[in-house]
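Trainee: I am new to this structure and would like to learn how to read its features one by one. Could we look at it together?

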Amino acid sequence: DGARILIKGGTVVNAHRAEEADVYIEDGVVVAVRPNIPVGDDNVRVIDATGKYVMPGGIDPHTHLAMEFMGTVTIDDFFSGHAAALAGGTTMHIDFVIPVNGNLTAGLESYKQKAANAAMDYGFHMAITKWNDEVAREMEVMVKEHGINSFKFFMAYKGSLMVTDDLLLQGLQKCKSLGALAMVHAENGDAVAEGQQRMIDLGITGPEGHALSRPPILEGEATARAIRLAKFINTPLYVVHVMSIDAMEEIAKAKREGQRVIGEPVVSGLVLDDSWLLDPDFTIASKYVMSPPIREVGHGKALQAALSSGILQLVGTDHCTFNSTQKVFGSDDFRKIPNGVNGLEERMHIIWDSMVESGKISITDYVRVTSTECAKIFNIYPRKGAILEGSDADIIILNPERSFVMGAHAHHSRSNTNVYEGRKGKGMVEVTISRGRVVWEDGILNIAPGSGRYVRMQPFGYVFDGIEKSDAAYRASLRAPVQRGKAVA
Ligand code: URP
Ligand code: ZN
Ligand code: ZN
Ligand code: ZN
């Protein structure tokens, strides 16, 4: 719409700089960012941001809205999920399209329908769960026609989503040739199945059995394997939901050696620990069941340190919500508890409170890890992830002095539970602007189903350049000994 908004007197924070400036918005786009922009006329809505931070809206790289999973469907769809996101200062997310019987086109069609009531902008990753010539062909169509530039491979969930190493290799190769980014859920699914049987044999059927059956070494193993296969194919790799020191250290090692590996911690892994799984109340313990599991005390702190030092790069949520009646499916067997936790509404507040307030990251780093880095990785920067002239007006105003209390009583998710129940902290998103419309203000949401747009993501030019250069270097290295041999002869 044609709304004109002037945000005055705040500190505008981009990943590259924080400055005192006003922001002028017209028709959903940022038109000017500079100090002392005059109020043009009466039709300009002026928002006073004195003492507050004006930042790009959050971009969540990892969500599962309206996903059919483990015999049920996640309870937040593209409308309730977007309500939660916008109330929490997130203005875009990238969801995972799950193919229908391995068919990508059918999967995309179904997700387009799910997203018909979207209230904010969104993009798609595509999961690859089967392999054949048709899938390879469809991947190309997804990249060239449908604006998808990332594909996810589940190394866990044996019997449903899990891929073999053979499929992963084919997929990595195809991603490389398309200039698309390969993503992995890194856990050894065969070993997890073995670990689960071990727990059942020991009579451990409660939520704690979930964590015990899939320890950090299985995440470390799969992370290392995926990293090495990506190196063998010579293509970048994105590791989703890094939950353990074991996985993080494999990423650190690969980065030290110059490999392009991106690590994504999620909010639950950064701030929660596995003691929740021991709660004698099943409705409480089962809330915390997700994969890879929330780990012992110590992993979260190490992941936070890795985020502040750049080993890990951007924060997701893996928002995958169920209510307590869905979680109860697994009350006699942890293997039946639908896996997933909330976070889409809480991410921006928890990262601010636990990392900026404590000085672990700067305000510019905050913008980088919650928004800009995601936009850059998925090739939508600076349209998203920045407050620059020409950027989409996806903007939040955060008041560092206001405190919050989280929980199901106040959240906008459809779930009746929240893993951050009772969590208190400082820093409140008071205003959310989605493509130039004020959608969250004074604790009130004003959102319109169907107003969210699909954001197309282009493949990666630099990957093509990298392939050409490195393949040429490889061929040259093969020729070299032959030439030496000739010279000797
Ligand atoms: O437990 C989780 N993480 N549920 C969502 C699916 C996935 O593995 O990302
Ligand atoms: Zn098509
Ligand atoms: Zn996963
Ligand atoms: Zn996920």
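Trainee: Which elements do the buried residues of α8 pack against?

Mentor: Bear in mind that this is a predicted model. As a general idea, an α-helix has 3.6 residues a turn, so residues three or four places apart point the same way. In this model the buried residues of α8 pack against two helices and two strands, namely α7 (216-233) and α11 (299-309) together with β13 (237-239) and β14 (261-263). Those buried residues are Ile245, Asp246, Ala247, Met248, Glu250, Ile251 and Ala254.

Trainee: How many residues does helix α8 have, and what comes just after α8?

Mentor: Helix α8 runs over residues 245-256, which is 12 residues, and its first and last C-alpha atoms are 16 Å apart, close to the 16 Å expected at 1.5 Å a residue. Just after α8 comes Gly258, with a positive phi of about 90 degrees.

Trainee: Which residues touch the most other members of the largest nonpolar core?

Mentor: In soluble globular proteins, nonpolar side chains tend to be buried together. Here the largest nonpolar core has 147 residues, and those touching the most other members are Val23, Val54, Met155, Ala182, Val184, Ala226 and Val239. Leaving aside residues up to four places away in sequence, Val54 has contacts that include Ile7, Val23, Ala49 and Ile397.

Trainee: What surrounds ligand 1?

Mentor: Around ligand 1 are His64, His185, Met290, Ser291, Asp318, Cys320, Asn339 and Gly340, a shell that divides into 2 nonpolar, 5 polar and 1 charged.

Definitions and conventions. Residues numbered from 1 in each chain as written. Chains lettered and ligands numbered in written order. Predicted model: local features only at pLDDT ≥ 70, side-chain atom pairs only at ≥ 80, totals over all residues. Near = placed C-beta within 6 Å. Nonpolar A, V, L, I, M, F, W, Y, C, P; charged D, E, K, R; others polar. Helix = DSSP H or I, 4+ residues; strand = E, 2+ residues; numbered from the N terminus. Expected span 1.5 Å × (residues − 1). Buried ≥ 20, exposed ≤ 12 C-beta atoms within 10 Å, placed from the backbone. Contact = placed C-beta atoms within 7 Å. Core = buried A, V, L, I, M, F, W, Y, C linked by C-beta atoms within 7 Å.
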